[in-house]
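This briefing sets out the fold, the nonpolar core and a few selected residues of the chain shown below. It is meant to be read with the sequence and the coordinates at hand.

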Amino acid sequence: MGILAQFGLGSAQDERDDRLALQAERRKTEGRTIVGLDLGQRNDFTALAIVRTGPGAMLSLVRLERVRDLSYPKVAELVRDTMSALPENATLLVDATGVGVPVVDQLTELGVRHTRISIHGGASVNTLGDGTLSVPKRD
């Protein structure tokens, strides 16, 4: 018998239901695949990181790929191919600051689901009119 049931505040079934709900909530965040794309200038590296979520707040770097001297259309194709090889619910976050803008446009044209992230010097997180998530650099 659980604590709540001992004091007549809930049944053992309520506690089991609460436990099952908590486990289901944890499963929603565990094992998610998050892909981050940080675009560099043409002669700089572009990084593509694949991360899996785990128990609690644990993150595991699954793969990190850096490419250089690759045209932006080729980068978009690389990302499309990578995303198609990952679970369907994988989340792609793209740095849309600076040179990222043309690449996120190409990703949209290629039908790749993604979230645009714009990094700024302010203090708060905002969603812009086009759906871009605007986040402060310090976060």
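A residue is called buried if its relative accessible area is under 20%, exposed if that area is over 50%, and partly exposed in between. With a relative accessible area of 21%, T91 is therefore partly exposed. The model is a predicted one, and the points below go from the chain as a whole to single residues.

**Overall make-up**

- The chain holds four helices and seven strands, and read from the N terminus its elements follow the order α-α-β-β-β-α-β-α-β-β-β.
- Of its 139 residues, 29% count as buried, while the area that the chain exposes comes to about 9,100 Å², of which carbon and sulfur atoms supply 54%.
- Among the contacts in the chain with a separation of 6 or more, 33% are between residues 24 or more positions apart.

**The largest nonpolar core**

- In soluble globular proteins, nonpolar side chains tend to be buried together.
- In this chain the largest nonpolar core has 19 residues, and those with the most contacts inside it are L37, V79, L92 and L107.
- Two or more residues of this core come from each of β1 (33-38), β2 (46-53), α3 (72-84), β4 (91-95) and α4 (100-109), with the largest share, five residues, given by α3.
- Leaving aside residues up to four places away in sequence, L107 touches L37, A76, V79, L92, V94, V112 and H114, a list that includes L37, V79 and L92, which are named with L107 as having the most contacts inside the core.

**T91 and T33, in strands β4 and β1**

- T91 is found in strand β4, and its C-alpha atom is 8.4 Å from that of G36, although the two residues are 55 residues apart in sequence.
- Beyond its neighbours up to four places away in sequence, T91 touches R32, T33, I34, V35 and M83, and a polar contact of 3.5 Å joins its side chain to that of R32.
- T33 belongs to strand β1 and, with a relative accessibility of 3%, counts as buried, because that value is under the 20% limit.
- The side chains of T33 and R52 are joined by a polar contact of 2.6 Å.
- When residues up to four places away in sequence are not counted, the residues that T33 touches are I50, V51, R52, L86, P87, N89, A90 and T91.

**Q106, in helix α4**

- Q106 has its place in helix α4 and counts as partly exposed at 21% relative accessibility.
- Apart from neighbours within four places in sequence, Q106 is in contact with Y72, P73 and A76.
- For Q106 and Y72, which are 34 residues apart along the chain, the separation between the C-alpha atoms is 8.5 Å.

**V135, in strand β7**

- V135 is placed in strand β7 (residues 133-136), where its relative accessibility of 18% makes it count as buried.
- The residues that V135 touches, not counting those up to four places away in sequence, are I117, S118, I119, H120 and V125.
- V135 and G121 are 14 residues apart along the chain, and their C-alpha atoms are separated by 8.4 Å.

**D69 and its backbone**

- Most residues other than glycine have a negative phi.
- D69, a residue other than glycine, has a positive value of phi, near 55°.
- D69 is found in the loop between β3 (59-67) and α3, and with a relative accessible area of 54% it is exposed, since that value is over the 50% limit.

**Aromatic rings and charges**

- Which residues lie over the face of F45? R66 does so at 3.8 Å from the ring centre, and R68 lies over the face of F45 at 4.4 Å from the ring centre.
- As for aromatic pairs, the count by the rule applied here comes to zero.

How values were computed. Residues are numbered from 1 along each chain as its sequence is written. This is a predicted model: local features need pLDDT of at least 70, side-chain atom pairs count only at pLDDT 80 or more; totals for chains, interfaces and linings use all residues. Side-chain values use heavy atoms; hydrogens and water are left out. Buried means under 20% relative accessible area, exposed over 50%, partly exposed in between (1.4 Å probe, protein chains only). Contact means heavy atoms within 4.5 Å. Accessible areas come from the Shrake-Rupley method with a 1.4 Å probe; for residues, only the protein chains shown count as cover. Rings of Phe, Tyr and Trp (its six-membered ring) pair if their centres lie within 6.5 Å; planes under 30 degrees apart count as stacked, over 60 as edge-to-face and the rest as tilted. A charge sits over a ring if NZ of Lys or CZ of Arg is within 6 Å of the ring centre and within 35 degrees of the ring normal. A nonpolar core is a set of buried Ala, Val, Leu, Ile, Met, Phe, Trp, Tyr and Cys residues joined through side-chain atoms within 4.5 Å. A polar contact is a pair of N or O atoms within 3.5 Å; within protein, one must be able to donate a hydrogen and the other to accept it, and residues adjacent in sequence count only if both atoms are side-chain atoms.
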